[in-house]
Amino acid sequence: MEAKLRLEGIQSNSSLEMGPLNDRPMNEFEDIPVRSHENGSISGSLPSYGNKIPVGSHEIGSISGSLPSYGNKIPVQSHENGSISGSLPSYGNKMIPNSVYKSIKTVVFSNKLNLLMPFGPIAIMAHNFTGNMGWVFFLSLLGITPLAERLGYATEQLAFYTGATVGGLLNATFGNATELIISIYALKSGMIRVVQLSLLGSILSNMLLVLGCAFFCGGLVFYKKEQEFTKATAVVNSGLLLMAVMGLLFPAVLHYTHTEVHFGKSELALSRFSSCIMLVAYAAYLVFQLKSQKDLYIPLTEEENQSGDGDHDNDDGGDDEAPEISKWESIIWLSIMTAWISILSEYLVDAIQGASAAWGIPISFISVILLPIVGNAAEHASAIMFAMKDKLDISLGVAIGSSTQISMFGIPFCVVIGWIMGRPMDLNFQLFETATLFITVIVVAFFLQEGTSNYFKGLMLILCYLIVAASFFVHEDPRSDDDNQLKT
């Protein structure tokens with residue numbers, strides 16, 4: 001028996017019409033139970049993308065039921081004229097609120113570290129109502145920590161849409177954006193020494209503490225074997241770090257040997273020239289890594305895609321990692337986090353000297369040890385996580401790669417920014433700080449030369465960092481008075 005089914009004369013606000021069944025393949029309807037009735041109508045269930053439509057017969061030969069729309073049923077009623085009517089859902093008005101809610105849920109509520117976000121507004125209120133610089137500094141540190149981690153997350157999400165080359169530039173720009181923002185506000189306030197010490201502390205923290213914890217935790221998980229990593233990347237990064245030490249060493253030696261051609265000017269001119277050379281060298285390194293030797297030095301984003309894990313994804317979701325938010329959402333969140341970090345950084349920088357006086361802690365210790373903890377929170381967590389999954393190449397890229405970015409990009413960039421601002425920011429980090437960096441680079445290079453790691457190597461790096469921290473706790477900075485005079 002061959003029958004045609006038509007829904008005609010639909011005259012409601014939202015109408016539906018079904019064409020003749022014989023225009024469609026019969027195998028589509030092999031499983032449709034259909035019953036005939038005395039009045040010539042039929043009843044049964046019609047599939048719509050896997051969802052069945054309950055259909056009932058009526059005396060007038062019409063059918064009524066519920067038509068699914070993306071899983072939501074539409075109430076349909078029959079009328080005497082043989083038509084059916086119902087209401088179709090409108091998704092246009094709900095899409096924007098749902099998208100905003102989903103984006104906020106993904107970015108803000110998906111990480112437990114974001115519980116520290118309210119401390120940012122609390123720090124501002126403490127500054128305005130109490131004036132206790134110690135509390136303002138402490139609360140600002142807590143408030144910036146989750147923002148720095150989310151800034152790295154937004155950068156990572158945006159890198160999915162930009163490709164390896166632009167992604168590498170984004171990582172260079174925003175990977176250490178927190179340190180750079182704090183440094184720019186300190187430069188604006190004339191606190192050149194805080195800029196130098198905070199950037200130096202970030203390098204020391206990444207090379208000793210972050211890498212040491214990654215080696216130590218990974219070695220404890222895989223204590224029966226030595227973990228391995230690619231030596232080529234480690235060698236190139238070690239060479240760049242030694243070049244950065246060279247750039248910092250010569251201005252200091254020139255200053256302390258009193259061999260300047262123009263006293264007080266040659267040191268600054270050499271620093272600015274060396275900074276431009278270091279920026280060119282880092283740009284060439286990015287091209288070398290992402291273009292010329294793409295197969296040998298696999299970018300960090302490609303490593304993550306191959307492993308199926310991200311810095312902020314704790315689940316093993318497969319071999320291909322997909323972005324969690326859209327491109328424009330990433331840009332918007334990147335702007336929001338950068339603006340909020342900029343606001344808190346101003347309060348943080350203004351409270352450094354007050355916190356040093358209130359707590360009795362040297363400014364050098366605050367700048368070298370405490371401030372880098374904020375910017376390195378995301379790197380610290382992700383490096384340890386990947387090391388415990390036996391993915392040391394990614395851990396090395398996070399720790400040593402970040403140190404390379406700061407030494408070859410962050411420090412020269414601040415020198416150039418200070419040049420533009422009219423601030424005498426130079427590469428003379430003083431003998432004590434330059435010697436500390438030089439010894440640290442040599443020690444780490446020796447630990448990386450074999451291409452293997454274990455928990456003992458990690459423990460040694462952590463103990464070296466404790467020695468550095470103790471040294472800066474008892475170190476009196478000779479240039480703090482100069483900065484105070486410049487600020488006033």
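Q: How many helices and strands does the protein have?
A: There are 17 helices and eight strands. Keep in mind that this is a predicted model.

Q: What percentage of the residues count as buried?
A: 48% of the 488 residues.

Q: And the accessible surface, what does it come to?
A: About 24,200 Å². Carbon and sulfur atoms hold 61% of that surface.

Q: What share of the contacts is long in sequence, say 24 or more positions apart?
A: Such pairs make up 71% of contacts with a separation of 6 or more.

Q: On to the core. How many residues are in the largest nonpolar core?
A: It has 104 residues. F137, L211 and L448 have the most contacts inside it.

Q: Which helix gives the largest share of this core?
A: Helix α6, with 16 residues.

Q: What does L448 touch, leaving aside neighbours within four places?
A: L448 is in contact with L211, F215, F229, A234, S238, L396 and I400.

Q: Salt bridges next. How many does the structure hold?
A: Four. One of them joins the side chains of E433 and R193, at 2.9 Å from N to O.

Q: Where do E433 and R193 lie?
A: E433 is in helix α15, residues 431-448, and R193 is in helix α6. They are 240 residues apart in sequence, so the pair ties together distant stretches of the chain.

Q: Is E433 buried or exposed?
A: Buried, at 1% relative accessibility. Its partner R193 is buried too, at 3%.

Q: Which residue does D390 pair with?
A: D390 meets K225 in a salt bridge, 2.8 Å from N to O. D390 sits in the loop between α13 and α14, and K225 in the loop between α6 and β7. The two are 165 residues apart.

Q: How accessible is D390?
A: D390 is partly exposed, at 28% relative accessibility. K225 is partly exposed as well, at 44%.

Q: What about K457, which side chain does it meet?
A: K457 forms a salt bridge with E450, at 3.3 Å from N to O. K457 is buried, with a relative accessible area of 10%.

Q: Switching to single helices. How far does α12 reach?
A: Helix α12 covers residues 363-375, which is 13 residues. From first C-alpha to last it reaches 18 Å, close to the 18 Å expected at 1.5 Å a residue.

Q: Why is α12 described as largely enclosed by the rest of the structure?
A: Because eleven of its 13 residues are buried.

Q: Which residues of α12 are the buried ones?
A: I363, S364, F365, I366, S367, V368, I369, L371, P372, V374 and G375.

Q: Now R272. Where is it found?
A: R272 is in helix α8, residues 266-292. It counts as buried, at 17% relative accessibility.

Q: What does R272 touch beyond four places in sequence?
A: R272 touches V415, W419, R423 and P424. Its C-alpha is 7.8 Å from that of W419, with their positions 147 residues apart along the chain.

Q: Back to α6. Where is V221?
A: V221 is in helix α6, which spans residues 192-221. V221 is partly exposed, with a relative accessible area of 39%.

Q: How far apart are the C-alpha atoms of V221 and Y455?
A: They are separated by 9.0 Å. Along the chain, V221 and Y455 are 234 residues apart.

Q: And where is Y455 placed?
A: Y455 is in helix α16, residues 455-473. At 40% relative accessibility, Y455 is partly exposed.

Q: Which residues make the nonpolar surface patch that includes Y455?
A: L220, Y223, Y455 and F456 make the patch. It covers about 450 Å².

Q: Last topic, backbone angles. What is phi at H258?
A: Positive, about 55 degrees, although H258 is not a glycine. H258 lies in the loop between α7 and α8.

Q: Is H258 buried or exposed?
A: Exposed, with a relative accessible area of 63%.

Q: What about phi of Q430?
A: Phi of Q430 is near 75 degrees, again positive in a residue other than glycine. Q430 is in the loop between α14 and α15. Q430 counts as buried, at 5% relative accessibility.

Definitions and conventions. Residues numbered from 1 in each chain as written. Predicted model: local features only at pLDDT ≥ 70, side-chain atom pairs only at ≥ 80, totals over all residues. Heavy atoms only, no water. Helix = DSSP H or I, 4+ residues; strand = E, 2+ residues; numbered from the N terminus. Expected span 1.5 Å × (residues − 1). Buried < 20%, exposed > 50% of the residue type's maximum accessible area, 1.4 Å probe, protein only. Patch = residues over 30% accessible without salt bridge, like charges linked within 9 Å, V, L, I, M, F, W, Y side chains within 5 Å. Areas by Shrake-Rupley, 256 points an atom, 1.4 Å probe, with all protein chains shown as cover. Contact = heavy atoms within 4.5 Å. Core = buried A, V, L, I, M, F, W, Y, C linked by side-chain atoms within 4.5 Å.
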